[in-house]
Amino acid sequence: MGVWAHRYDQRVNADGSSGEAIARAGKLLARASSVVVLTGAGISTESGIPDFRSPGGLWTRYDPRKLTFDLFCAYEETRAQYWKMSTESYPVLRDAEPNAAHRAVVAIEKAGKLLRLVTQNVDGLHRKAGSSAERTTEIHGCSLRAGCIDCGERADREALHRRLVAGELVVPTCEACGGRVKPATISFGQAMPEFETAQAFEAASQCDLMLVIGSSLVVYPAASLPDTAVSSGAPMIIVNNEPTSKDELADVLLRGSAGESMSLLLRAAGIALP
Ligand code: NAD
Ligand code: ZN
């Protein structure tokens with residue numbers, strides 16, 4: 001467990017009146033020098049990208065059980081359905097703009113406090129906001145890229161998208177080997193990328209603060225990164241608008257919008273926002 005014995009569970013109000021929780025979290029961030037930030041879909045909802053639960057979100061219209069990695073590999077029909085879904089979501093992700101919470105993560109890095117940013121998101125918004133490639137681990141890949149799952153050749157996602165929208169293409173194939181092309185994200189049933197997963201867990205075991213933003217912490221193995229950090233002695237702050245599966249491990253819970261909570265947290269820690 002971390003140094004702080006108490007746990008605070010207070011809403012963050014627009015006027016910043018949740019003083020005690022913010023102040024406590026601010027102190028943890030101010031004294032930390034090797035922070036691991038773990039983000040999930042909730043950091044991007046204020047940028048207009050729905051999370052899993054949001055009404056109208058992608059998974060309310062497509063059945064994930066029918067779009068697993070094995071089925072993608074096996075059936076042309078699944079690949080067609082997958083690309084149909086991706087063609088719907090791609091422009092939303094491509095055109096989204098980072099919000100105050102993404103910028104706050106950049107500020108933590110600029111302040112020299114970031115050990116590693118681990119994101120479960122596939123929207124590329126951390127990189128767009130200015131988080132460095134060196135310190136960012138996209139543990140579930142990125143939807144803005146695509147590649148061949150047979151030979152590894154990269155494909156031009158934007159060019160594919162234009163052809164899919166124009167109806168010239170239904171199931172993209174690899175220009176190098178004729179193999180199966182897939183958006184560069186980790187699908188249900190697909191193995192996690194070894195390098196990125198190891199990098200994330202190593203950072204979690206070495207950090208002196210775990211800061212989770214906008215994740216329900218139910219998707220594994222990412223959801224065990226908090227356990228690794230806490231069992232290695234790091235305190236943990238969770239920023240989320242509803243309870244998560246790891247709340248009992250946290251030293252401070254900030255229950256509010258990610259953008260607002262992160263702005264208040266940075267101010268409390270004395271870190272300048274860009
Ligand atoms: P999740 O949907 O399970 O959890 C998101 C959490 O954030 C929820 O608890 C929700 O209440 C909270 N939340 C939503 N908006 C918020 C806001 N403005 N402020 C504070 N909290 C907010 O997401 P997850 O834990 O990331 O797991 C879902 C999986 O889906 C991940 O693997 C992720 O890769 C993928 N996904 C990614 C995106 C994206 O790239 N933006 C979007 C949807 C799903
Ligand atoms: Zn190929």
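**View 1. Ligand 1 sits between two domains.** In this close-up, domain 1 (1–49 + 98–140 + 193–274) and domain 2 (50–95 + 141–185) each contribute residues to the shell around ligand 1, so the ligand lies between them. Please keep in mind, here and in every view below, that this is a predicted model. The shell around ligand 1 counts 26 residues. Sorted by class, eight of the shell residues are nonpolar, 14 are polar and four are charged.

**View 2. Five residues come nearest to ligand 1.** If you would like a short list of side chains to display, here it is: Q120, D123, S215, S216 and N241 come nearest among the 26 residues around ligand 1. Three of these names return in the next view, with distances.

**View 3. Side chains of D123, S215 and N241 face N or O atoms of ligand 1.** Start with D123: an N or O atom in the D123 side chain is 2.8 Å from a nitrogen atom of ligand 1. Moving on to S215, an N or O atom of the S215 side chain lies 2.7 Å from an oxygen atom of the ligand. At N241, the distance between a side-chain N or O atom and an oxygen atom of ligand 1 is 2.6 Å. On its own, ligand 1 has 850 Å² of accessible area, and the protein covers 91% of that.

**View 4. Strands β6, β5 and β7 make an open sheet.** Here we turn to the strands. The sheet has three strands in the order β6-β5-β7, with antiparallel pairing. Strands β6 (154–155) and β7 are the edge strands, each pairing on one side only. As a reminder for reading this view, strands of a sheet pair through backbone hydrogen bonds, either parallel or antiparallel.

**View 5. Strand β5 meets strand β7.** Strand β5 (residues 141–148) and β7 run antiparallel and are joined by four bridges. To find your way along the pair, look for G141, which stands opposite T185 in β7. Another handy landmark is C148, whose bridge partner in β7 is V181. Strand β7 (residues 181–185) has four of its five residues buried, so this strand is largely enclosed by the rest of the structure.

**View 6. L144 belongs to strand β5.** L144 is found in strand β5. With a relative accessible area of 28%, L144 is partly exposed. For orientation back to the ligand views, the C-alpha atoms of L144 and Q120 are separated by 14 Å, and the two residues are 24 residues apart along the chain.

Definitions and conventions: Residues numbered from 1 in each chain as written. Chains lettered and ligands numbered in written order. Predicted model: local features only at pLDDT ≥ 70, side-chain atom pairs only at ≥ 80, totals over all residues. Heavy atoms only, no water. Near = heavy atom within 4 Å. Polar contact = N/O pair within 3.5 Å; in protein donor to acceptor, adjacent residues only side chain to side chain. Areas by Shrake-Rupley, 256 points an atom, 1.4 Å probe, with all protein chains shown as cover. Nonpolar A, V, L, I, M, F, W, Y, C, P; charged D, E, K, R; others polar. Domains from an automatic or database assignment. Buried < 20%, exposed > 50% of the residue type's maximum accessible area, 1.4 Å probe, protein only. Helix = DSSP H or I, 4+ residues; strand = E, 2+ residues; numbered from the N terminus. Pairing = 2+ DSSP bridges.
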